[in-house]
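Dear colleague,

Please find below the structure that I am handing over to you, followed by an account of what was found in it.

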Amino acid sequence: MNGLYRPRQGRVIGGVCAGLARRFGLGAWTVRLLAIISCVLPGPQFLVYIALWIIMPDERKYAASHPTM
């Protein structure tokens, strides 16, 4: 499973950082730390996180739409 989805295991809040970490081959805590640090900078980071939470499918929905997994 190399797509962009929110995994059921390893979530802290919504699974967005865990999903991004799995997709790009990074550690989940590395992505979480980068997300927290980026919140210090001006910009819509919090809104982007919420948008990704809504847009990224859950692991079950992703698996259902990709039956070759």
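The largest pocket holds about 450 Å³ of space. This value, like every other in this message, was computed from a predicted model. The lining of the pocket is made up of 21 residues, and those closest to its centre are C17, R32, A35, I36 and Y49. Which helix supplies the largest share of that lining? Helix 2 does, with seven residues. Helix 1, helix 2 and helix 3 each contribute at least two residues to the lining. As for how such a space is found, rolling a probe the size of a water molecule over the atoms shows where empty space is left.

The overall layout may help you to place this pocket. The protein chain contains four helices and zero strands, and its pattern along the sequence reads α-α-α-α. Its C-alpha trace spans about 40 × 20 × 15 Å along the principal axes. The chain has 69 residues, of which 28% count as buried. Among the contacts with a separation of 6 or more, 52% are between residues 24 or more positions apart.

I turn next to helix 1, which covers residues 16-24. Its buried residues are V16, C17, A18, G19 and A21, and what covers them includes helix 2 and helix 3. Are the residues towards the end of this helix buried or exposed? R23, which is found in helix 1, is partly exposed, with a relative accessible area of 32%. F24, also found in helix 1, counts as exposed at 56% relative accessibility, because the cut-off for that class is over 50%. After helix 1 comes G25, which has a positive phi, near 70°.

Two distances show how these residues of helix 1 stand to other parts of the chain. R23 and L4 are 19 residues apart in sequence, and their C-alpha atoms are 5.7 Å apart in space. F24 and W53 are 29 residues apart in sequence, with 17 Å from C-alpha to C-alpha.

The largest nonpolar core consists of six residues, namely V16, C17, A21, V31, Y49 and M56. Helix 1 gives the most to this core, with three residues. One member of the core, A21, is in contact with L26, G27, A28 and V31, when its neighbours within four places in sequence are left aside. V31 is thus a contact of A21 and also a member of the core.

Helix 2 runs over residues 28-38, and V31, R32 and S38 are buried in it. Why do these buried residues line one face of the helix? Seen down the axis of helix 2, they fall within an arc of 130°, so they line one face. It is useful to recall a general point here: an α-helix has 3.6 residues a turn, so residues three or four places apart point the same way. The buried residues of helix 2 pack against helix 1 and helix 3, the latter covering residues 45-55. On the face turned away from this buried side are the exposed residues W29, L33 and I36. I36 is also one of the residues closest to the centre of the largest pocket.

T30 lies in helix 2 as well. At 43% relative accessibility, T30 counts as partly exposed. The C-alpha atoms of T30 and I54 are separated by 22 Å, although the two residues are 24 apart along the chain.

Finally, two annotations come from the UniProt record, in an unreviewed entry. The first is "domain: Phage shock protein PspC N-terminal", which covers residues 3-59. Over residues 3-59 the chain is 56% helix and 0% strand, with the end C-alpha atoms 10 Å apart. The other is "transmembrane region", which UniProt places at residues 33-55. Over that stretch, residues 33-55, the chain is 74% helix and 0% strand, and 22 Å separates the end C-alpha atoms.

As you study the model, I suggest that you begin with C17, which is buried in helix 1, belongs to the largest nonpolar core, and is among the residues closest to the centre of the largest pocket.

Yours sincerely

Note on methods: Residues are numbered from 1 along each chain as its sequence is written. This is a predicted model: local features need pLDDT of at least 70, side-chain atom pairs count only at pLDDT 80 or more; totals for chains, interfaces and linings use all residues. Side-chain values use heavy atoms; hydrogens and water are left out. UniProt positions are given in the numbering used here, feature names are shortened, and annotations may be inferred rather than shown by experiment. A nonpolar core is a set of buried Ala, Val, Leu, Ile, Met, Phe, Trp, Tyr and Cys residues joined through side-chain atoms within 4.5 Å. Buried means under 20% relative accessible area, exposed over 50%, partly exposed in between (1.4 Å probe, protein chains only). Contact means heavy atoms within 4.5 Å. The arc is that of the directions from the helix axis to the C-beta atoms. On a 1 Å grid over the protein atoms alone, a cavity is a set of points where a 1.4 Å probe fits but cannot get out, and a pocket is an open set with protein on both sides within 12 Å along at least five of seven lines; lining residues have an atom within 4 Å of a point. Grid points are joined across faces, edges and corners, and a volume is the space filled by probe spheres set on the points.
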